[in-house]
Amino acid sequence: MHEHFVFGYPGFEGDKTVGPFDRKKALEVSIAAAERAKAYGVQTIVDATPNECGRDVKVLKEVSEKTGVNIVCATGYYFEGEGASAYFKFRNALGDGLKEIYELMFMEVTEGIDDTGIKAGVIKLASSKNVITDYERLFFKAAAKVQKETGAHIITHTQEGTMGQEQAELLISEGADPNRIMIGHMCGNTDIKYAAKVLEKGVYIGFDRFGLEGFIGCPTDGEREALAVSLLALGYEDKIMFSHDTVNVMLGRTVVFPPALREIMANQHIARIFEVIIPDLKKMGVTDDQIEKIMTKNPEHFFR
Ligand SMILES: [Zn+2]
């Protein structure tokens, strides 16, 4: 429900110490990731990369064609602090930013992206830690309008699992259907009362950062598992979906993690859920039926 084959933090385009995009290498790495997931039965992967973070639908198409794995791409912009916010802030200062964002999303959902004819299958939204900024609100409002008109599905980024409830409330108040919303990164906040409050809105929630531990505000997988088990005990098995938020190809200079982080980051790969998390959860009493819902039936219902 939330991975990235190719991703770059906006600004990577300006770092000219890096040569031109190595498409061949990106394809190799992305195909290997898709094949690794496919070996565990994965048929469809959502690539949650926002427009300005190096989204490359032609690469996604080629990965899909070469592996047989369906890839769903996104339309949308990243949160104000880490996205390329200058452009639409400038546009909004001159006129109606909300309308322009709506037009962009509507076009990418209904007509396609660039000249490819590839349509965005999800709208990706994002907010900041403890606040949905005025800039970010433009995207939430535009997305709700596009969803009302097209039925498009919405997935979100919450920063450290904050503002999930507010995201859901904002979208629903703008007319969006909670059954077509997944509030993402809710495994970044281990407060069960908070998670339950978000779920009470009728939306799906993403436990979508498995393998990303103790870094950029993330809890451990053990804490995520405990939260999942508690929410399942409360009866939310129809509303939880899993993912990793892997970045398989990072654009820009080669990322070199300091030694301590290198060890932690070794857990972040596209098979983590299958190799570690599901076996752990089964030991904790989660049933095969519940796993089937989380991994297969819930995404299926979400995309109906
Ligand atoms: Zn992501």
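**Exercises: crossing helices and empty spaces**

Helices α4 and α5 cross in a right-handed way (near helix turned clockwise from the far one by less than a right angle). The model is predicted, so to speak of local features takes pLDDT of at least 70 and side-chain atom pairs count only at pLDDT 80 or more, while totals for chains, interfaces and linings use all residues. Numbering runs from 1 along each chain as its sequence is written, and side-chain values use heavy atoms, without hydrogens and water.

**Exercise 1.** Work out at what angle α4 and α5 pack, and which residues meet.

*Step 1.* Find the helices (DSSP runs of H or I, at least four residues; strands are E, at least two): α4 covers residues 97–110 and α5 covers 134–150.

*Step 2.* Take the axes (lines fitted to C-alpha atoms over the stretch in contact, angles from 0 to 180 degrees between N-to-C directions). They lie 9 Å apart, at an angle of about 45 degrees. That makes α4 oblique to α5 (under 35 degrees is roughly parallel, over 145 roughly antiparallel, 65 to 115 roughly perpendicular, the rest oblique).

*Step 3.* List the contacts (heavy atoms within 4.5 Å). On the α4 side you'll find Leu98, Ile101, Tyr102, Met105, Phe106, Val109 and Thr110. Across from them, α5 brings residues including Leu138, Phe139, Ala142, Ala143 and Val146. Sorted by class (Ala, Val, Leu, Ile, Met, Phe, Trp, Tyr, Cys and Pro nonpolar; Asp, Glu, Lys and Arg charged; others, Gly among them, polar), the contact has 11 nonpolar, 2 polar and 3 charged residues.

**Exercise 2.** Do the same for α8 and α10.

*Step 1.* α8 spans residues 221–233, and its axis sits 10 Å from that of α10, at about 50 degrees. That makes α8 oblique to α10.

*Step 2.* The crossing of this pair is right-handed. Asp221, Glu225 and Val229 of α8 touch Arg272, Val276, Ile277, Asp280 and Leu281 of α10.

*Step 3.* Sort them: 4 nonpolar and 4 charged residues, with no polar ones.

**Exercise 3.** Describe the two largest pockets and say what lines them.

*Step 1.* Start with the largest pocket, at about 1,300 Å³. (On a 1 Å grid over protein atoms alone, a pocket is an open set with protein on both sides within 12 Å along at least five of seven lines; a cavity is where a 1.4 Å probe fits but cannot get out; lining residues have an atom within 4 Å of a point.) It has 46 lining residues, with Val247, Val249, Met250, Leu251 and Val255 nearest the centre.

*Step 2.* Ask who contributes: α1 (23–38) has the largest share, 5 residues. β1 (4–7) and β10 (247–250) each supply at least two. The class count is 22 nonpolar, 12 polar and 12 charged.

*Step 3.* Now the second largest pocket, about 600 Å³. Closest to its centre, among 27 lining residues, are Val42, Gln43, Thr44, Met295 and Pro299. α11 gives the most, 8 residues, and the classes come to 17 nonpolar, 6 polar and 4 charged.

**Exercise 4.** Find the largest cavity and its lining.

*Step 1.* There are 2 cavities of 30 Å³ or more; the largest has a volume of about 40 Å³.

*Step 2.* Phe5, Val6, Asp47, Thr49, Gly54, Arg55, Asp56, Val59 and Leu60 line the largest cavity. Two or more of these come from each of β1 and α2 (57–67).

*Step 3.* By class, this lining splits into 4 nonpolar, 2 polar and 3 charged residues.

How values were computed:
Grid points are joined across faces, edges and corners, and a volume is the space filled by probe spheres set on the points.
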